[in-house]
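Q: I have a chain in front of me and would like to learn how to read it. Can we go through it feature by feature?

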Amino acid sequence: MPDPLVISIDAMGGDHGPSVVVPALARVVRDGLGARFLLHGDETKLRAALAKFPAVQARVEIRHTDKVIGADEKPAQAMRRGKGASMWNALESLRAGEAAACVSAGNTGALMAISKLILRMAAGIERPAMVANWPTLRGRTAVLDVGANIACDAQRLVEFAILGAAFHHAVNGSARPTVGLLNVGSEEEKGHEELREAARMLREMASLDLDYRGFVEGDDIAKGTVDVVVTDGFTGKVALKTAEGLGRYFSASLRGALNVGPLARLGALIASASLRRMAQQFDPSTINGAPFLGLNGIVVKSHGGADARGFATAIRLAADLAGSDFVARIDRNLRTMTAAMPKSTVEAPERTKA
């Protein structure tokens, strides 16, 4: 890993580009992140944004390009036409060893496709998974996949368990993360065949660096019943968007209830510190940043509409992963999984693509 830590950033991706990226850098620098940044994008726009944050200017190197991959471009188009764009160049810097991680708020499909092309997948992994670091009653739970793989077979769900456990260990410090498979019930006979087969495989692979606890239900996510919740990308994305919507609903309802009269406003004033902490838990920006797990490199996808606080969260997440044994832990567990799989399955896996 480069020393000091260097993070490569697609400074033009997402809805806001430099107007969010540069203030986000100011936040992480102010908070003590000892990193340098490669900013890929329009130099004129970046210089103008950096002029407001002199403390950040000494930490950045700008790599100019005026080419940007659009939010509506299909992945195949982005792969054909994207060379030289800010996203492409940010990933190239990671591949070349100039940076330890890459962050982009750009087109999700394009970022995944170009990441696979430039960085390649870890041995035995076919497609990346996206993970959300979900706030719960007991801390944080890693939930994956949250949108990268719509349909998944049993082997891919086991891969997600391995990837999610390595992520939780790196970011949240769990020694041997507990893992559950998301299902419609906790009974062993519940769920479709691929889910039950994944459960059988996880029970039998006792040497993995994780603690499989069986099936969990939707309410177990917020409870923090396990450290890692594994599901397919369709279900995970629906759950994530539902949670984000509920968070906004709760925050809006609470603000309304505390503003209906003088007594309510007085109560809000008295409880203001506690209410701020509660609001932070519901704020989607506190969980912004979904790493693509399974690549030969660390790539974090920020929400396209993230504000400076949210993009700063994604940068910190990239730094945490870069400073951990994340990649080595995944490699070790994938080797264990491959050794335990029937030879025919390893050589010719039947997989459902998104």
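Q: What does the accessible surface of the chain come to?
A: In this predicted model, the accessible surface of the chain is about 16,100 Å². Carbon and sulfur atoms account for 53% of that surface.

Q: How many helices and strands are there in the chain?
A: The chain has 15 helices and eleven strands. It holds 354 residues, and 52% of them count as buried.

Q: How are two packed helices described?
A: The description uses the angle between their axes and the distance between the axes. Here, helix α5 (residues 86–95) packs with helix α6 (residues 108–119) at an angle of about 35°, and their axes are 10 Å apart. The crossing of α5 and α6 is right-handed.

Q: Which residues make the contact?
A: From α5 come Met87, Trp88, Leu91, Glu92, Leu94 and Arg95. From α6 come Ala110, Leu111, Ile114, Ser115, Leu117, Ile118 and Leu119. Ten of the residues in this contact are nonpolar, one is polar and two are charged.

Q: Now a single residue: is Ala306 buried or exposed?
A: Buried means a relative accessible area under 20%. Ala306 has 11%, so it is buried. Ala306 sits in the loop between β11 (299–301) and α13 (308–322).

Q: Which residues does Ala306 touch, leaving out those up to four places away in sequence?
A: Ala306 touches His16, Val20, Asn288 and Phe311. Gly14 is 292 residues from Ala306 along the chain, yet their C-alpha atoms are separated by 8.0 Å.

Q: Across the chain, what share of contacts between residues at least 6 apart in sequence join residues at least 24 apart?
A: The share is 72%.

Technical notes. Residues are numbered from 1 along each chain as its sequence is written. This is a predicted model: local features need pLDDT of at least 70, side-chain atom pairs count only at pLDDT 80 or more; totals for chains, interfaces and linings use all residues. Side-chain values use heavy atoms; hydrogens and water are left out. Helices (H or I, at least four residues) and strands (E, at least two) are DSSP runs, numbered from the N terminus. Buried means under 20% relative accessible area, exposed over 50%, partly exposed in between (1.4 Å probe, protein chains only). Contact means heavy atoms within 4.5 Å. Axes are lines fitted to C-alpha atoms, for helices over the stretch in contact, and angles run from 0 to 180 degrees between N-to-C directions. A crossing is left-handed if the near helix is turned anticlockwise from the far one by less than a right angle, and right-handed if clockwise. Ala, Val, Leu, Ile, Met, Phe, Trp, Tyr, Cys and Pro count as nonpolar, Asp, Glu, Lys and Arg as charged, and the others, Gly among them, as polar. Accessible areas come from the Shrake-Rupley method with a 1.4 Å probe; for residues, only the protein chains shown count as cover.
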